[in-house]
Amino acid sequence: MRPGAAVVLASASLLVLAPGAPPTAAPPLPALLADTGGGSQLITAQAPSAGATSGTLTWWDLRDGTWTKAGSAPARFGANGLVEGGSRRQGTNTTPAGLYDLPYAFGIKPAPSGTRVTYRPVRQNSWWCEDNASRSYNRWTEPRPADCRAAESEHLISYTQQYAHAYVIGFNYAKPVRERGAGIFLHVNGRAATAGCVSVSAAAMRAVLGWADPGRRPHIAIGTASGPTAIVRY
């Protein structure tokens, strides 16, 4: 053994055995996103893969430069998984991945306690027009206009469980593109996967609406853990 080798080995042993610095905590998910919408509240809806129909919804607050989890719940997605929002096609039962604003909420039941976002009560003549030929495509209408076929739209009051409380996701909303999709919401769970929306339990839906503050510009980021629809791309 060369001179000093014993000292080196002993030192190495000490390095192995001595407790090192604690591992650095992983950054919160919003800190990894390309964009969070510019506000200080964010909802993330993440699925493990593009073909998944379930995942996790988490709502976050940005305070003093750090994103902090405010709540979390199991979530459901479209029956055919998730796709890139810009290439989505209507009627495919897919949830559009992307970053979206949250224009307003609505519900058959009264707004949950503490709700500050605009909340529209669902009435007998409340419809969401999904008729591609209508001038009201991807819009709430009361009553349903003549150019919006009932068979191509949603009579909101008919969905007593899902639309007890709902939050409009701004997918294809500001400037609707025909055939891309309409009526994408965050709403209460139905019996199974959705037709393209994101859904959570009734308790989680009430919690989200009681948490959301329009003055803090909440957005929702939808995506997967990895791949072309990875949530961190948005």
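Arg123 is partly exposed, with a relative accessible area of 44%. In this predicted model, its side chain meets that of Glu142 in a salt bridge, 3.4 Å from N to O. The two residues sit in separate loops. Arg123 is in the loop between strand 7 (119-121) and strand 8 (127-129). Glu142 is in the loop between strand 9 (139-141) and strand 10 (154-155). They are 19 residues apart, so the pair links distant parts of the chain. Glu142 also counts as partly exposed, at 30% relative accessibility.

The loop between strand 9 and strand 10 also holds Arg149. Here the partner is Asp131, and the side chains meet in a salt bridge of 2.8 Å, N to O. Asp131 belongs to the loop between strand 8 and strand 9, 18 residues away from Arg149. The two ends of this pair sit in unlike surroundings. Arg149 is partly exposed at 49% relative accessibility. Asp131 is buried, with a relative accessible area of 1%. The cut-off for buried is under 20%.

Side chains of opposite charge can pair when their charged atoms come close. How many salt bridges are there by this rule? The count comes to 7. One of them joins Glu84 and Arg233, at 3.1 Å from N to O. Glu84 lies in strand 4 (residues 82-84), and Arg233 lies in the segment after strand 14 (219-224). These positions are 149 residues apart in sequence, so the pair ties together separate parts of the chain. Both residues are partly exposed: Glu84 has 29% relative accessibility, and Arg233 has 46%. Elsewhere, Asp61, Arg63 and Arg216 are linked in a network of salt bridges.

Strand 4 leads on to strand 5. The two strands run parallel and are joined by 3 bridges. Within this pairing, Val83 has Pro96 of strand 5 as its bridge partner. Strand 5 pairs with strand 14 as well, this time in the antiparallel sense, over 4 bridges. There, Asp101 stands opposite His219 of strand 14. Strand 5 thus has strand 4 as one partner and strand 14 as another. How far is strand 5 enclosed by the rest of the structure? Strand 5 spans residues 95-101, and 5 of its 7 residues are buried, so the strand is largely enclosed.

Now go to strand 1 (residues 41-47), which contains Thr44. Is Thr44 buried or exposed? Thr44 is buried, because its relative accessible area is 1%, and the cut-off is under 20%. Its side chain makes a polar contact of 3.0 Å with the side chain of Trp60. Residues up to four places away in sequence aside, Thr44 touches Leu29, Thr56, Leu57, Thr58, Trp60, Ala221 and Ile231. Trp60 therefore appears both in the polar contact and among the residues that Thr44 touches.

Last comes Pro176. This residue lies in the loop between strand 11 (166-168) and strand 12 (185-188). Pro176 is partly exposed, with a relative accessible area of 30%. Which residues does Pro176 contact, leaving aside neighbours within four places in sequence? They are Tyr137, Asn138 and Arg139. Gly227 gives another reference point for Pro176. The two are 51 residues apart in sequence, and 27 Å separates them in space, C-alpha to C-alpha.

Note on methods: Residues numbered from 1 in each chain as written. Predicted model: local features only at pLDDT ≥ 70, side-chain atom pairs only at ≥ 80, totals over all residues. Heavy atoms only, no water. Buried < 20%, exposed > 50% of the residue type's maximum accessible area, 1.4 Å probe, protein only. Polar contact = N/O pair within 3.5 Å; in protein donor to acceptor, adjacent residues only side chain to side chain. Contact = heavy atoms within 4.5 Å. Salt bridge = Lys/Arg side-chain N within 4 Å of Asp/Glu carboxyl O. Pairing = 2+ DSSP bridges.
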